[in-house]
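This report looks at one protein chain, beginning with its overall layout and then turning to two places within it. Please keep the sequence and the structure in view while reading.

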Amino acid sequence: MYVISIDIIILLCYNIIYIILIRGVYLKAISIQNPWAHMMLCGEKTIEARSWKTEYRGDLLICSSAYPKIENTIPGHALMVVELIDCVPFEKKHLEAACLTEIPDTPCYAWLLNNFRCIYPFKVKGRLKFFNIEDKQIKYYDVETEDEADKWCRDYIVPLLYKKRGKKC
């Protein structure tokens, strides 16, 4: 039988309080280049092809990379929260949902995404692999009707779309 001393219990409680109150609660994030991030935002892309496997499952903040800047996409912003439900070897059956026309040259993994949720976009400096963003930065936008989705898009997405300079409308 194991006996846990009160000192260990206090230390564990202190660490939990420190993580929650002082460091804050974080959400895993990942940077995705445009146009792929924009395709996720539009609901066209539900599988992300990555060269590396992850054991992580759960909520994931999708951030668009600052570069390349592609017209009518949003560079350098957190765009939405999705749920990463599985990570499996990439197969031909994943092509359409990954918005690809052919299997990548190097072996890769299909990250299966679900439960897409709108947020108020905010600037973010992307990084390689996973990185953490404080939960308090993420503000969800509840979209229940098509009219609410249109308003969210008009008010929060359209103003952030990249337009090339010097181009006349």
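## Overall layout

Read along the sequence, this protein follows the pattern α-β-α-β-β-β-β-β-α, and its secondary structure comes to 3 helices and 6 strands. The model is a predicted one, and the description that follows should be read with that in mind.

Of the 169 residues in the protein, 33% are buried, while the accessible surface comes to about 11300 Å², with 57% of that area belonging to carbon and sulfur atoms. Among the contacts with a separation of 6 or more, 72% are accounted for by residues 24 or more positions apart.

## Y26 and its contacts

Y26 is found in strand β1, which covers residues 26-32. Because its relative accessibility is 35%, a value between the 20% limit for buried and the 50% limit for exposed residues, Y26 counts as partly exposed.

Leaving aside residues up to four places away in sequence, Y26 touches N132, I133, E134 and D135. The last of these residues, D135, lies 109 residues from Y26 along the chain, and yet the C-alpha atoms of Y26 and D135 are separated by 5.2 Å.

## A negative patch and D147

On the surface, D142, E144, E146, D147, E148 and D150 form a negative patch. One of these residues, D147, has its place in helix α3, which covers residues 146-157.

Is D147 buried or exposed? Its relative accessibility is 62%, and since exposed means over 50%, D147 counts as exposed.

Key. Residues numbered from 1 in each chain as written. Predicted model: local features only at pLDDT ≥ 70, side-chain atom pairs only at ≥ 80, totals over all residues. Heavy atoms only, no water. Patch = residues over 30% accessible without salt bridge, like charges linked within 9 Å, V, L, I, M, F, W, Y side chains within 5 Å. Areas by Shrake-Rupley, 256 points an atom, 1.4 Å probe, with all protein chains shown as cover. Salt bridge = Lys/Arg side-chain N within 4 Å of Asp/Glu carboxyl O. Lys, Arg positive; Asp, Glu negative; His and termini not counted. Charge placed at Lys NZ, Arg CZ, Asp CG, Glu CD. Helix = DSSP H or I, 4+ residues; strand = E, 2+ residues; numbered from the N terminus. Buried < 20%, exposed > 50% of the residue type's maximum accessible area, 1.4 Å probe, protein only. Contact = heavy atoms within 4.5 Å.
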